[in-house]
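Hi,

Here is the structure I said I would pass on. Have a look at it first, and then read on for what turned up.

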Amino acid sequence: MRIVALAGGIGGARFLRGLKQAAPEADITVIGNTGDDISLFGLRICPDLDTVMYTLGGGINEEQGWGRTEETFTLREELAAYDIGPGWFTLGDRDFATHIVRTQMLDAGYPLSAVTEALCDRWRPGVRLLPMSDDRVETHVVIEDAEGRRAVHFQEWWVRLHAEVPAQGIGAVGAEDAKPAPGVLEALDAADFVILPPSNPVVSVGTILSVPGIRAAVAAKTVVGVSPIIGGAPVRGMADACLTAIGVETSAGAVAAHYGPDLLDGWLVDTADAGLEDSSGGTVIRSRPLLMTDVDATADIARAAIDLAGELRP
Ligand code: GDP
Ligand code: CA
């Protein structure tokens, strides 16, 4: 069984851990979001790729959902002592090593896909992890506050401002000229079906789909998604602020409609949203518990997604 999943950070990574348990024999390729990537302290940081790599490789800080386990913050404190910011983006000592290795390789001329493969040689995530593109794509958010109307990097809005300042627009800068990374279209072409984990529909899955060629290649397959929105709210994080910014209501049904029946064949919603169940044509919607409380519960969700894909495949 060949499965392709499009993943952001925490929601994507946790789901993938369940997917691996549900389908231990499957050949899984993960197309990771790189729109959250940022350069800080001269280093290239890829938060979503790292979250997937650390989570599947056993190095994640479980409570936090991002960053390394058994982390220390000496480097950060030393940088702060020099008054070198930004202080709002937390990077631990162990995590810094990953960004140093990545930046050295990028500076030596390796594309991000090759760098990611090299990092995964250590972490052995048990999936093939591909960045959506080797080209630089960065999500920016248009905001207006006391400093005026301006576009800021997604991380500044998300982490520094906690998405509390309303976004007037969200865009993936560089996406229109980006090419899918080597292997992305080939993996989609060879896939039996595609799964959309419960990742942020705007700044994770939406950004991946904005790379020219990817949306069409995904839509050509049987696609089953898992809703990140339960009972009208994100399970964790501020995805509602992203949906509002693009004019989509924060509900499991509105997210499915946003993806559209041309893309989405099946959609799993939580039992709290059972009223959305639909098999009348377009996207087939089924309900079941969708809280990823532990790996076993997550594997059950993944199995339901696989079963639905099997049912809907031509
Ligand atoms: P990020 O890049 O770290 O923000 O992570 P993702 O984009 O991959 O996933 C974020 C989404 O995961 C949020 O919109 C959450 O609602 C969703 N999420 C987190 N935990 C759960 C869960 O237990 N169940 C479901 N269905 N969604 C979840
Ligand atoms: Ca992310």
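Glu311 and Arg286 join their side chains in a salt bridge, with 2.6 Å from N to O. This is a predicted model, by the way, so please read everything below in that light. Glu311 sits in helix α12 (residues 295–312) and Arg286 in strand β14 (residues 284–287), so the pair ties together parts that are 25 residues apart in sequence. Arg286 is partly exposed, at 30% relative accessible area.

There are 12 salt bridges in the structure. Another one pairs Arg303 with Asp300, at 2.8 Å from N to O. These two are 3 residues apart in helix α12, which puts about one helical turn between them. Arg303 is partly exposed, with a relative accessible area of 34%, and Asp300 is partly exposed too, at 37%.

Arg44, Arg136 and Glu138 are joined into one network by salt bridges that share partners. Within it, the side chains of Glu138 and Arg136 meet at 3.9 Å, N to O. Glu138 is buried, at 14% relative accessible area, while Arg136 is exposed, at 55%.

Now the metal. Which residues hold the calcium ion (ligand 2)? Its protein donors are an OD atom of Asp36 and two OD entries from Asp48, lying 2.0 to 2.6 Å from the ion. Asp36 is in the loop between β2 (27–32) and β3 (38–40), and Asp48 is in helix α2 (residues 47–57), so the pair ties together parts that are 12 residues apart in sequence. Both Asp36 and Asp48 are buried.

Then the pockets. The largest has a volume of about 1000 Å³. It is lined by 43 residues, and the closest to its centre are Gly9, Ile10, Trp66, Trp158 and Arg236. Helix α2 comes up again here, giving the most to this lining with 5 residues. By class, the lining has 22 nonpolar, 15 polar and 6 charged residues. Where does the largest pocket lie relative to domain 1 and domain 2? Domain 1 (2–134 + 177–312) and domain 2 (138–176) both give residues to its lining, so the pocket lies between them.

The second largest pocket has a volume of about 200 Å³. Of its 13 lining residues, Glu117, Val127, Arg128, Leu129 and Leu130 lie nearest its centre. Two elements, α5 (112–123) and β5 (128–131), give two or more residues to that lining, and α5 gives the most, with 5 residues. The lining divides into 7 nonpolar, 4 polar and 2 charged residues.

Cheers

Terms used. Residues are numbered from 1 along each chain as its sequence is written. Chains are lettered from A and ligands numbered from 1 in the order in which they are written. This is a predicted model: local features need pLDDT of at least 70, side-chain atom pairs count only at pLDDT 80 or more; totals for chains, interfaces and linings use all residues. Side-chain values use heavy atoms; hydrogens and water are left out. Donors are N, O and S atoms within 2.8 Å of the metal (3.2 Å for Na, K and Ca); water is not among the atoms, so sites may look incomplete. Helices (H or I, at least four residues) and strands (E, at least two) are DSSP runs, numbered from the N terminus. Buried means under 20% relative accessible area, exposed over 50%, partly exposed in between (1.4 Å probe, protein chains only). On a 1 Å grid over the protein atoms alone, a cavity is a set of points where a 1.4 Å probe fits but cannot get out, and a pocket is an open set with protein on both sides within 12 Å along at least five of seven lines; lining residues have an atom within 4 Å of a point. Grid points are joined across faces, edges and corners, and a volume is the space filled by probe spheres set on the points. Ala, Val, Leu, Ile, Met, Phe, Trp, Tyr, Cys and Pro count as nonpolar, Asp, Glu, Lys and Arg as charged, and the others, Gly among them, as polar. Domain bounds come from an automatic or database domain assignment. A salt bridge is a side-chain nitrogen of Lys or Arg within 4 Å of a carboxyl oxygen of Asp or Glu.
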